[in-house]
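Subject: Structure handover

Hello,

Here is the structure I promised to pass on. Please open it and keep it in view while you read my notes.

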Amino acid sequence: MRTTIAPLAPLAPLARLARLALLAFAASGLAGTAHAQANIEAAMTKVGCLACHAKDKKLVGPAYKDVAAKYKGQADAVAKLSAKVRTGGQGAWGPVPMPPTAADKLSDADLKAAIEWVLKQ
Ligand code: HEC
């Protein structure tokens with residue numbers, strides 16, 4: 001009995017370590033997603049989006065949840081809305097214009113992440 005188990009015994013701590021490493025990896029993946037979301041909200045606050053927009057009520061601009069509902073299922077929504085935020089414009093929600101947001105304020109990657117976040121509200 002003993003002789004068949006004994007040679008494997010030294011490996012037990014290794015197996016435990018591997019399991020811990022996997023757990024840590026999975027946890028860091030989850031934290032990474034939450035982190036990216038917090039980051040995009042922070043970036044949007046900094047650049048001013050959230051001064052004119054709230055998630056669920058109209059301020060100067062439409063509520064993001066209304067924007068998400070309006071463009072739900074539209075394949076070109078991210079491209080279309082990114083262009084609109086970049087250059088600014090009016091008429092989709094009323095006469096009040098949205099000012100442009102230049103790339104030195106919000107990079108293309110952050111703009112895309114911001115619009116994807118808006119469309120998830
Ligand atoms: C000064 C206020 C203001 C700021 C700052 C602002 N918005 Fe807007 N936003 C508006 C207004 C007003 C509208 C409605 C424009 C219209 O009727 O076409 C709008 C519309 C939108 C829309 C919907 C566009 C459409 O055509 O349906 C999105 C998406 C959006 N804003 C995202 C953003 C993001 C992201 C930022 C930050 C980079 C931002 N907004 C900053 C006022 C603002």
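Below is what I found, going from the overall fold to single residues.

Please keep in mind that this is a predicted model.

**Overall layout**

The protein has six helices and zero strands. Read from the N terminus, its elements run α-α-α-α-α-α. There are 121 residues, and 12% of them count as buried. I also looked at contacts between residues at least 6 apart in sequence. Of these, 55% join residues at least 24 apart.

**Around the ligand**

How many residues surround the ligand? The count is 28. The closest are C49, C52, G61, A92 and W93. Four elements give two or more residues each to this shell: α2 (12-47), α3 (49-52), α5 (77-87) and α6 (108-118). Sorted by class, the shell holds 19 nonpolar residues, eight polar ones and one charged one.

**The nonpolar core**

Next, find the largest nonpolar core. It has 11 residues in all. They are I40, M44, C49, Y64, V67, L81, L106, L111, A114, I115 and V118. At least two residues of this core come from each of α2, α4 (64-70) and α6. The largest share, four residues, is supplied by α6. As background, nonpolar side chains in soluble globular proteins tend to be buried together.

Take M44 as a member to click on. Setting aside residues up to four places away in sequence, M44 touches C49, L50 and A114. Of these partners, C49 and A114 are listed in the core too.

**How α5 meets α6**

Two packed helices are described by the angle between their axes and the distance between the axes. For α5 and α6, the axes come within 9 Å. They cross at roughly 115 degrees. The crossing of α5 past α6 is right-handed.

Which residues make this contact? From α5 come V78, L81, S82, V85 and R86. From α6 come L111, K112, I115 and E116. By class, the contact has five nonpolar, one polar and three charged residues. L81, L111 and I115 take part here, and they also belong to the core.

**Three residues to look at**

Start with V60. It sits in the loop between α3 and α4. Is V60 buried or exposed? It counts as exposed, because just 11 C-beta neighbours lie inside 10 Å. Leaving out residues up to four places away in sequence, V60 touches C52 and V96. V60 and V96 are 36 residues apart in sequence, yet their C-alpha atoms are 7.7 Å apart in space.

Now go to K65, in helix α4. K65 has 16 C-beta neighbours inside 10 Å, so it counts as partly exposed. Beyond its neighbours within four places in sequence, K65 is in contact with K55, D56 and Q121. K65 and K55 are 10 residues apart in sequence and 5.7 Å apart in space, C-alpha to C-alpha.

Last comes P100. Where is P100? Look in the loop between α5 and α6. P100 has 12 other C-beta atoms within 10 Å, so it is exposed; the exposed class takes in residues with 12 or fewer. Not counting residues up to four places away in sequence, P100 touches R86, T87 and G88. P100 and K84 are 16 residues apart in sequence, and 8.0 Å separates them in space, C-alpha to C-alpha.

Best wishes

Conventions. Residues are numbered from 1 along each chain as its sequence is written. This is a predicted model: local features need pLDDT of at least 70, side-chain atom pairs count only at pLDDT 80 or more; totals for chains, interfaces and linings use all residues. A residue is near a molecule or strand if its C-beta atom, placed from the backbone, lies within 6 Å of it. Ala, Val, Leu, Ile, Met, Phe, Trp, Tyr, Cys and Pro count as nonpolar, Asp, Glu, Lys and Arg as charged, and the others, Gly among them, as polar. A nonpolar core is a set of buried Ala, Val, Leu, Ile, Met, Phe, Trp, Tyr and Cys residues joined through C-beta atoms within 7 Å. A residue is buried if 20 or more other C-beta atoms lie within 10 Å of its own, exposed if 12 or fewer, and partly exposed in between; C-beta atoms are placed from the backbone. Two residues are in contact if their C-beta atoms, placed from the backbone, lie within 7 Å. Axes are lines fitted to C-alpha atoms, for helices over the stretch in contact, and angles run from 0 to 180 degrees between N-to-C directions. A crossing is left-handed if the near helix is turned anticlockwise from the far one by less than a right angle, and right-handed if clockwise.
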